[in-house]
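Let's take a walk through this protein together, starting with the overall picture and then stopping at a few residues. Keep the viewer open as you read.

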Amino acid sequence: MKIEQIYTGCIAQAAYYLESNGEAAIFDPLREVQPYIDKAAKDGAEIKYIFETHFHADFVSGHLDLSQKTGAQIVYGPTAKPGFSAHIATDGEEFKVGKYTVRAIHTPGHTMESTCYLLIDENNNIHGIITGDTLFIGDVGRPDLAQGLTLELTQEVLAGHLYDSLRNKIMPLPDDITVYPSHGAGSACGKNMSKETTDTLGNQKKVNYALRADMTKEEFTKELLDGLGAPPAYFPQNVMLNINGYQSLDKIIERGSRALSPEEFKQKAGDTEAIILDVRHEDDFCEAHIPGSIFIGLNGNFAPWVGALIMDVNQPLLLVTPEGKEQEAITRLARVGFDNTLGYLKGGISAWKNAGFETDSLASISPEEFESAIANEEHTIIDSRKPGEFSGGHILEAVNIPLDNVNERLNEIPDRHFYIHCAGGYRSVIMASILKGRGIHNMTNVQKGFAGIKNTNIPTTLNSAACS
């Protein structure tokens with residue numbers, strides 16, 4: 001069977017391309033749809049269907065743009081009520097894609113409209129199943145995103161639906177079929193996803209806690225909800241964009257690609273209250289940046305951090321980008337619904353300096369310099385990693401304030417000078433930029449983060465335990 005997983009690591013999302021005998025189908029497409037159109041053209045195929053497993057919360061799907069450009073039919077599962085033309089499949093309904101058959105299997109739980117798609121080859125053999133957020137490799141989808149749509153719909157009720165869907169619709173399928181999920185490790189749509197992005201259903205029955213054969217519904221619900229943190233604030237806004245529709249990506253790129261001189265850039269920032277988002281490398285930001293700008297670099301988990309920290313998808317944005325990366329930045333913002341980019345700084349930070357405008361910088365030192373500094377002075381250290389990373393090993397006297405929580409824990413930031421680090425030097429610069437934007441400048445960033453600190457003699461819970 002010709003089925004291809006198209007995985008986008010920076011948002012841990014998988015779309016799928018199915019092609020047979022001149023017809024193609026796309027499952028859960030990303031916002032930028034031209035690569036799917038090009039792929040089908042290369043195969044001499046017509047895109048016939050766009051299958052959606054559910055209304056996504058973590059990204060804006062490209063279903064509307066892809067349908068408008070190709071004429072392909074959008075398909076959702078039972079109970080879906082989109083604000084645009086789409087075919088709502090019945091449970092068990094079959095669709096022909098060339099010689100293949102796609103069968104819709106309604107699997108409520110992650111959301112009520114969640115639907116998996118069984119892939120059946122030309123010999124009527126079941127090849128695999130596209131599971132959306134119903135079943136991941138090593139995990140299942142969180143059941144709290146659709147709660148509250150009605151008074152009766154709690155996360156416990158949704159977890160119960162998910163338990164029934166897995167046991168009555170998924171687990172009876174043959175062990176040798178391939179599971180094709182929508183996400184892998186790093187996605188906020190689950191809590192314990194594997195780094196692998198496909199597996200056999202039989203192996204998942206052995207290793208995935210949620211498919212344990214002797215598990216009761218009560219045990220499933222308890223284990224699923226245990227340790228489940230709050231979802232990112234932008235998730236509900238992405239759901240509404242996927243339900244109600246959105247502007248075409250072409251128009252968003254056209255508006256956002258406006259090159260602004262330093263004078264125009266400064267004027268627009270003042271007129272619109274736009275956030276200045278600096279997407280360059282963290283080292284470049286530390287060296288010189290526009291005062292008050294927020295750093296979230298393209299070289300990390302860019303879009304999820306934008307969503308988690310800026311939160312309002314309607315927030316106007318002005319970009320400072322590496323040369324030639326303007327369109328990439330606008331597209332990656334649009335993937336998570338941030339469509340209101342107003343333009344970018346033409347000529348970058350050099351042009352800003354040449355125009356005589358003020359810049360700021362962030363003190364940043366190597367792990368070795370950090371080791372020398374804290375040996376000779378009283379010091380405070382903030383570790384900006386997640387609690388799970390912190391508990392896995394940290395500097396003995398470090399205080400854990402995760403980047404995710406920085407806005408809620410500003411009152412814990414010390415008045416005196418402190419050092420800040422993360423795992424590798426990316427998140428700590430994001431956090432420092434947020435603090436500087438709030439008038440807190442008394443910090444020094446540690447380059448390379450805990451990965452570099454582990455190569456020094458600074459006492460940590462790891463080397464102290466080894467010495468005792």
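A word on vocabulary before anything else: helices (H or I, at least four residues) and strands (E, at least two) are DSSP runs, numbered from the N terminus. With that naming, M311 sits in the loop between helix 10 and strand 16. Bear in mind throughout that you're looking at a predicted model.

Zoom out for a moment. The whole protein adds up to 17 helices and 22 strands. Put a box around its C-alpha atoms along the principal axes, and the box comes to roughly 70 × 60 × 45 Å. Is that spread out or compact? The radius of gyration is 24 Å, and because a compact globule of 468 residues would come in near 23 Å, the two agree. Over half the story is on the inside, too: 56% of the 468 residues count as buried. As for how the chain folds back on itself, take the contacts between residues at least 6 apart in sequence: 68% of them join residues at least 24 apart.

Now the outside. The accessible surface is about 19,300 Å², and carbon and sulfur atoms account for 48% of that. On the charge side, there are 40 positive and 62 negative side chains, yet the centres of the two sets lie 2 Å apart.

Next, zoom in on H110. You'll find H110 in the loop between strand 8 (100–106) and strand 9 (115–120). Is H110 buried or exposed? Its relative accessibility is 1%, so H110 counts as buried, the cut-off being under 20%. What does its side chain pair up with? One partner is D133, whose side chain makes a polar contact of 3.2 Å with the side chain of H110. There's also the backbone oxygen of R142, which lies 2.8 Å from a polar atom of the H110 side chain. Leaving aside residues up to four places away in sequence, H110 touches a whole set of neighbours, including H54, G141, P143, L145, A146 and L162.

Move on to helix 11, residues 326–334. This helix is mostly covered, with seven of its nine residues buried. Those seven are E326, A329, I330, T331, R332, L333 and A334. And what do the buried residues of helix 11 pack against? On the helical side there are helix 7 (249–256) and helix 10 (302–310); on the strand side, strand 14 (275–278), strand 16 (317–320) and strand 17 (341–345).

Helix 10 deserves a stop of its own, since A303 is found there. With a relative accessible area of 2%, A303 is buried. Beyond residues up to four places away in sequence, A303 touches I11, R332 and V336. R332, you'll recall, is one of the buried residues of helix 11. For a sense of distance, try A303 and Q73: they are 230 residues apart in sequence and 28 Å apart in space, C-alpha to C-alpha.

Finally, a look at two backbone oddities. M311 has a positive phi of about 70° although it isn't a glycine. At 34% relative accessibility, M311 counts as partly exposed. N21 also has a positive phi without being a glycine, near 50°. N21 belongs to the loop between strand 2 (13–20) and strand 3 (23–27), and at 61% relative accessibility it counts as exposed.

Definitions and conventions. Residues numbered from 1 in each chain as written. Predicted model: local features only at pLDDT ≥ 70, side-chain atom pairs only at ≥ 80, totals over all residues. Heavy atoms only, no water. Buried < 20%, exposed > 50% of the residue type's maximum accessible area, 1.4 Å probe, protein only. Polar contact = N/O pair within 3.5 Å; in protein donor to acceptor, adjacent residues only side chain to side chain. Contact = heavy atoms within 4.5 Å. Rg over C-alpha atoms; globule rule 2.2 N^0.38 Å. Areas by Shrake-Rupley, 256 points an atom, 1.4 Å probe, with all protein chains shown as cover. Lys, Arg positive; Asp, Glu negative; His and termini not counted. Charge placed at Lys NZ, Arg CZ, Asp CG, Glu CD.
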